[in-house]
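Student: I would like to take a close look at one part of this model, the packing of its helices, and then see how that part sits among its surroundings. The structure is placed below for reference.

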2 protein chains.
Amino acid sequence: MKKLIALLIILSAWVTQAQNQQQEDSLTIRKLYDLSLLQGQSYPWLEHLSNKIGGRLSGSLEAQRAVEYTKAELEQLGLDRVWLQPVMVPKWTRGNPEYAYVQTQEGPSTVVNILALGGSVATPETGLRAKVIEVQGLEDLARYGRPQIEGKIVFFNRPMRADLIHTFSAYGGCVDQRYSGAAEAAKYGAAGVIVRSLSHKIDDHPHTGAMSYGDLPNNKRIPAAAISTKDADYLSGMLKLNKDLDFYYKMSCRNFEDVESYNVIGEIKGTERPDEYIVVGGHLDSWDVGDGAHDDGAGVVQSMEVLRLFREAGIRPKRTIRVVLFMNEENGLRGGNKYAEEAKMRKENHIFALESDAGGFTPRGFSIDARDSQHEKIQSWKPLFKPYLIHYFEKGGSGADISPLKNGSTVLAGLRPDSQRYFDHHHAATDTFEAVNKRELELGAATMASFIYLVDKYGFDDIQNEEEILK
Amino acid sequence: MKKLIALLIILSAWVTQAQNQQQEDSLTIRKLYDLSLLQGQSYPWLEHLSNKIGGRLSGSLEAQRAVEYTKAELEQLGLDRVWLQPVMVPKWTRGNPEYAYVQTQEGPSTVVNILALGGSVATPETGLRAKVIEVQGLEDLARYGRPQIEGKIVFFNRPMRADLIHTFSAYGGCVDQRYSGAAEAAKYGAAGVIVRSLSHKIDDHPHTGAMSYGDLPNNKRIPAAAISTKDADYLSGMLKLNKDLDFYYKMSCRNFEDVESYNVIGEIKGTERPDEYIVVGGHLDSWDVGDGAHDDGAGVVQSMEVLRLFREAGIRPKRTIRVVLFMNEENGLRGGNKYAEEAKMRKENHIFALESDAGGFTPRGFSIDARDSQHEKIQSWKPLFKPYLIHYFEKGGSGADISPLKNGSTVLAGLRPDSQRYFDHHHAATDTFEAVNKRELELGAATMASFIYLVDKYGFDDIQNEEEILK
């Protein structure tokens, strides 16, 4: 009987402690949201990055200004350390505005909207004019074969599927046309490629993005451009009427030698376990059209805001929390690779990394790349997020920049904002500050800070120990 | 033993049946989403309502055109019946564009952006010029009293709280200033009222909306206007420097006698229980500024789309499904009241009503006004919505137009889209077609259709029966 009473006392003390913890967590999270929504810094930071600096392609003056600006801002936050991590990045320039038109024998020419894909070679100085063959994907190339492709411009026109709820899945189902279209079409003797813009929206804005020639020798490389969805529909319609039309385009883009740039890093040293690292980040570079507010200015300022919110809320983390603003996600991932490489070299134990690189829209939750037991632990925190309408804690990919940290034990996660509007703006002139809503951005920052707070407080090592015992 | 086997057979048959039902539901819902996203009609309908017709204030030519257009479109859908339900509505016109400025003794005057509140009387023809007293809400009036208020313009400046996650709660916390500000201030001898626009966004767009003089006699009514948030901040700042500044405004709005208008109604007769009604609706009228695309063009076209999707998917509902496009939600609720009144008169048994009147943004779920048992039944359908990221099924209000149907047994619900951007557009010139995203609108329509499908299929009468047995 005495034993039972003792057990009950212990049990009740344990329950009380758990309740107290939950209440403390709930209050801390509320404080983080309040600070972000009432005295947030993410929106003015984004305004500066977007409007005062603008598009920040790797190797550009704007990218360098963004490095300097974010470093200076992080230095104002009273972090324990702020520094630059040098990294060599590719440099590509768009040159003069692209120019393209469709020409039929009988009719006048019709100007269409294109953008060179990042990394593309230029057309000849006088432009490239050729017949067009429309295909629905890389797999069509083999079907048509060299006789029907040689000397022509291959027009990749498979649209993003509208029935997929997750727009990133629709993007994933088409992006091979943009990334590898030129390399594959060149093997069949194509003169150039035009790729339907990766957007659900039918409008006049072409969407650029990275492409690669793989190991194709320089003299085999053909120019590659994105065409707006509206003009893709137009071109496709015209081809149905007249297979013999000509497409003309002119681009003066250029690849240079790699140049030096930087990841920008700031950290708050952990009080109990300074040698365990938690990373939160986004990428500082963007495409050169628009101002990169959603991709990924939002992720940059939200990540900076996480550390500021910790400071303002008076949270002293147990572990070392690092904000990393990665350089060159868009066309090389050099910053992400460099960070992981040096972390490995220094044997830094990263327990968690979180990236925000899916736009500054209303946060819905997180996509989590972790073992089942780690994922379950994270899911146990779900009720704490319910008041903020954060409901998505599913297994999946995290973020490009943090993916090189993947090692089987580090938990990786990506913020998942509402994705319906994202590809209306992605890599296009419509990715501007005005398209970001202040509250949505701030909710994202608070959601990230809350997640990091819980990871720092509870960690994952109880799970690791349990798993080791089970072995 | 035999009995046990028989029981197991029955049980397993029951489980199989439940699984089959669930699979059937899951496939039907997928079909509804596919039809909405791939061959949806809601977006072109909204384009017409917004751009070809425009703002549709009750009693206006545009409202009449909207009645005719939506009736004609419903008639194309092959419904069993489409008709107009006459209803008398108030008629108020804005008149000439409003004009207002702030004037200090020493400096030049500064023009500020205002909009007459709906129902307001005009200023004198030469405008109204007076000193200003800033207050933070109706409760401040008694504190200042007649000596400090008489002859002045009362400036209600309590802003919407930014820390509330549900923006409708922030709206609810301020809307009394707009609705009753003039009636209350007039009791203290105020000359007029200016109300801070109900928006989180700091910009130049004033947000209009309904107001009421209550039982104030005509000769005591004072003019009431909304001022943009930016100009509210400006005016408040100026008042801190100089309490003696003058505010001038001129408005020529006017109230007329009631005029006849209509609710537009269409229905599909139920195959098994034609005398049980399920209503889905939004309101056809809107404010006269902007084109009312979010409020509530979106709800109108989504509700029409629900019936079209049923037709396209080949769903023959057991119960009678009605789309009701209500007239005059904004400044009178006459359409909602009329519909409920006639339904009651005809003893029509409404088991469910769903309204979409919270914008055409990404749907998150439903707010449900129902008894616990009914709410629990609805919550049991949650897993069917998970693939569509629909997660919110909480108790709460439904929609203004369907609220007169409330009787203790009819289940009422409101679509709950993401609310973060809603008040940037609500009742302002920024409520335009361009602010509505096609996919978000279509997801909302499919979500509504799926909910209606489940309510029609399963109903609530098993619960009613259970409850009656328990009595």
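At roughly what angle do helix α2 (residues 42–53) of chain B and α13(B) cross, and within what distance do their axes come? Please answer at length, and connect this crossing with the other helices and with the sheet.

Tutor: This is a predicted model, and what follows should be read in that light. In chain B, the axes of helix α2 (residues 42–53) and α13(B) come within 9 Å, and the two cross at roughly 115°. An angle from 65 to 115 degrees counts as roughly perpendicular, and α2(B) and α13(B) are therefore described as roughly perpendicular to each other. In handedness, the passage of α2(B) over α13(B) is a right-handed crossing. On the α2(B) side the residues involved are S42(B), Y43(B) and L46(B), which meet K438(B), L441(B) and E442(B) of α13(B). Sorted by class, the residues of this contact are three nonpolar, one polar and two charged.

Helix α13 of chain B, which spans residues 438–458, also packs with helix α1 (residues 2–39) of chain B, at an angle of about 150° and with the axes 8 Å apart. That angle makes α1(B) roughly antiparallel to α13(B). The crossing of α1(B) with α13(B) is right-handed, and the residues of their contact comprise 11 nonpolar, five polar and six charged. Thus α13(B) has α2(B) roughly perpendicular to it and α1(B) roughly antiparallel to it.

For another helix pair we can turn to chain A, where helix α2 (residues 42–53) and helix α3 (residues 61–75) have axes that come within 10 Å and cross at roughly 155°. The pair α2(A) and α3(A) is therefore roughly antiparallel, and α2(A) passes α3(A) in a right-handed crossing. From α2(A), the residues P44(A), W45(A), H48(A), L49(A) and I53(A) meet E62(A), R65(A), A66(A), Y69(A), T70(A) and E73(A) of α3(A). The class count for this contact is six nonpolar, two polar and three charged residues.

The sheet of chain B brings further helices into the picture. It is an open sheet of eight strands in the order β1-β10-β12-β11-β13-β16-β14-β15, with mixed pairing. Its edges are β1 (81–93) and β15 (392–395) of chain B, each of which has a single partner strand, so one side of each is left without a neighbour in the sheet. From one strand to the next, the twist averages 20°. Within this sheet, strand β14 (residues 363–369) of chain B and strand β16 (residues 411–417) of chain B run antiparallel and are joined by six bridges, with P363(B) standing opposite P417(B) in β16(B).

Two helices of chain B can be placed against these strands. Helix α3 (residues 61–75) of chain B lies across β1, β10 (254–268) and β12 (319–326) of that chain, and its course runs at about 5° to β10(B). Helix α10 (residues 372–379) of chain B likewise packs on the sheet, where it touches β14, β15 and β16 of chain B and its direction makes about 175° with that of β15(B).

Chain A can be described in similar terms, since its open sheet has eight strands in the order β1-β10-β12-β11-β13-β16-β14-β15 and mixed pairing. Here β1 (81–93) and β15 (392–395) of chain A stand at the edges with a single partner strand each, so one side of each lacks a neighbour in the sheet. On average, and with direction ignored, neighbouring strands of this sheet are turned by 20° against each other. Strand β11 (residues 273–283) of chain A pairs in the parallel sense with strand β13 (residues 349–355) of chain A over six bridges, and Y277(A) is found opposite H350(A) in β13(A). Helix α10 (residues 372–379) of chain A lies across β14 (363–369), β15 and β16 (411–417) of chain A, running at about 175° to β15(A).

Some backbone details deserve a separate remark. Most residues other than glycine have a negative phi, and most peptide bonds are trans. Against that background, H427(A) has a positive phi of about 65° although it is not a glycine, and H427(A) is placed in the loop between α12 (422–425) and α13 (438–458) of chain A. The peptide bond joining D295(B) and D296(B) is cis, with omega about 5°, and D296(B) lies in helix α8 (residues 293–313) of chain B.

Technical notes:
Residues numbered from 1 in each chain as written. Chains lettered and ligands numbered in written order. Predicted model: local features only at pLDDT ≥ 70, side-chain atom pairs only at ≥ 80, totals over all residues. Heavy atoms only, no water. Pairing = 2+ DSSP bridges. Helix = DSSP H or I, 4+ residues; strand = E, 2+ residues; numbered from the N terminus. Axes fitted to C-alpha atoms, helices over the stretch in contact; angles between N-to-C directions. Contact = heavy atoms within 4.5 Å. Parallel < 35°, antiparallel > 145°, perpendicular 65-115°, else oblique. Left-handed = near helix turned anticlockwise from the far one by under 90°. Nonpolar A, V, L, I, M, F, W, Y, C, P; charged D, E, K, R; others polar.
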